[in-house]
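Colleague: Please show me the model and take me through it. I will ask short questions and would like short answers.

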Amino acid sequence: MAGVLLGWYDRHARVLPWRAPPGRRMDPYRVWLSEIMLQQTTVATVGPYFQEFTRRWPTVTDLAAAELDDVLRAWAGLGYYARARNLHRCARVVATELGGSFPEDEAGLRQLPGIGAYTAAAVAAIAFDQPAAALDGNVERVLARIYAVADPLPQAKPALQALAAGLVPDQRPGDYTQALFDLGATICTPRKPRCMLCPWAQWCEARSLSIQEELPAKAAKAAKPLRRGVAFFVTDGTGSILLRRRAETGLLGGMMEVPSTGWGAEVPDLDAALAQAPVQAAWRLLPGIVRHTFTHFELELSVLAGRVPAAVPVPDGTWVAPDRLGGEALPTVMAKVVRHGLAHAT
DNA sequence: CAAGCGTGGAC
DNA sequence: TGTCCAAGCTT
């Protein structure tokens, strides 16, 4: 089966910025960087970020020498911000403790910050052509169908991992791994798989049972609770906007925010909200609400606008001119709040 | 070890 | 509008 897939890959491999042509190997730094960026993130989204990171930091040593804040700024908008902090930590370990070279085996890679079971196997296979079984969402879907594994994920994951390990060939395991990704991304898609084009169709149990679109089964997801809060859009006499750095860990850790009340189930009343205001001002409630969906809750923010005569100092705060917002470590939800404030308060 | 952790696009 | 999902990791 592996040989057939490799033959298909030789003819149909996707061309991607972090990928070498079939039969070649890519720089391990770029393989690693792309794998971190691609965690739970689409190829289309990652593209521009990968280009910018490799332009600014062509080697892992360059990335290690960067300031964490510059890395966070460059990562802004990509989400799952712990990845950026772990990326930077990992680069420093590789640069200072490993002489600038990544470990070539799965176990060594697995020790590094931000590298879990999947990424260790993927980098070992793709960058170093080791026969490691990388099990991601694509491979889970392909194998669940090929072997008609009906047990729901994530319970079925250990069984799929064993099946994956049994398929990895000794010849060209790196290309095989990438071929499996391409198969999942272009043929064995979540909806309406293109079985007529699949090089593995003759071995697919799910297809023979006509249940390919029902697999893989997944456990039901919990409903997302609604949280609400009030954000404070503050400008000074020059039009600069008050931003504040969030705590290093947890949600949006280390990123910048528009100061706000806590986010809870209840809408804070005006007095409770104002008690949490970062400065004293004559507040005006802006029309509309900023909505944002996170992984595990939905958020609705009302926005109070205030103006202060001069850029007074605020704990963890920074005053940023509107034309320099693009360079800040602003997560998307906060960029939405700023946009709302600029549209209604200025 | 279940829960916490972002975002944008497809349908 | 809602729902799913995309090359998962950490605690």
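Colleague: How far does a polar side-chain atom of Trp 18 lie from a base nitrogen of DNA strand C?

Modeller: This is a predicted model, in which local features need pLDDT of at least 70 and side-chain atom pairs count only at pLDDT 80 or more, while totals for chains, interfaces and linings use all residues. Residues are numbered from 1 along each chain as its sequence is written, chains are lettered from A and ligands numbered from 1 in the order in which they are written, and side-chain values use heavy atoms, with hydrogens and water left out. A polar contact is a pair of N or O atoms within 3.5 Å; within protein, one must be able to donate a hydrogen and the other to accept it, and residues adjacent in sequence count only if both atoms are side-chain atoms. For Trp 18 and the base nitrogen of DNA strand C, the distance is 3.0 Å.

Colleague: Which side chain has an N or O atom 2.7 Å from a phosphate oxygen of DNA strand C?

Modeller: The side chain of Glu 35 has an N or O atom 2.8 Å from a base nitrogen of this strand, so that pair does not answer a question about phosphate. The side chain with an N or O atom 2.7 Å from a phosphate oxygen of DNA strand C is that of Thr 119.

Colleague: Which elements give two or more residues to the surface near DNA strand C?

Modeller: A residue is near a strand if one of its heavy atoms lies within 4 Å of it. There are 26 residues around DNA strand C, and Gln 40, Gly 114, Asp 136, Asn 138 and Pro 190 come nearest. Helices (H or I, at least four residues) and strands (E, at least two) are DSSP runs, numbered from the N terminus. The elements asked for are helix H8 (117-128) and helix H9 (137-146).

Colleague: Which part of DNA strand B is 2.9 Å from a polar backbone atom of Gln 40?

Modeller: Phosphate oxygens of DNA strand B are 2.5 Å from a backbone N or O atom of Leu 252 and 2.6 Å from a polar backbone atom of Thr 332. For Gln 40, the partner at 2.9 Å is a base nitrogen.

Colleague: What share of the atoms of DNA strand B within 4 Å of the protein belongs to sugar or phosphate?

Modeller: The atoms counted lie within 4 Å of the protein, and those outside sugar or phosphate belong to bases. The share for sugar or phosphate is 62%.

Colleague: Are H1 and H11 roughly parallel or roughly perpendicular?

Modeller: The axes of helix H1 (residues 2-12) and helix H11 (residues 173-187), lines fitted to C-alpha atoms over the stretch in contact, with angles from 0 to 180 degrees between N-to-C directions, come within 9 Å and cross at roughly 70°. Angles under 35 degrees count as roughly parallel, over 145 as roughly antiparallel, 65 to 115 as roughly perpendicular and the rest as oblique. Therefore H1 and H11 are roughly perpendicular.

Colleague: Which residue follows Leu 153 across a cis peptide bond?

Modeller: Most peptide bonds are trans. Omega is about 5° for the cis bond from Leu 153, and the proline there is found in the loop between H9 and helix H10 (157-167). The residue is Pro 154.

Colleague: Where is Tyr 80 found?

Modeller: Phi of Tyr 80 is near 45°, a positive value in a residue other than glycine. Tyr 80 is found in the loop between helix H5 (68-75) and helix H6 (82-97).
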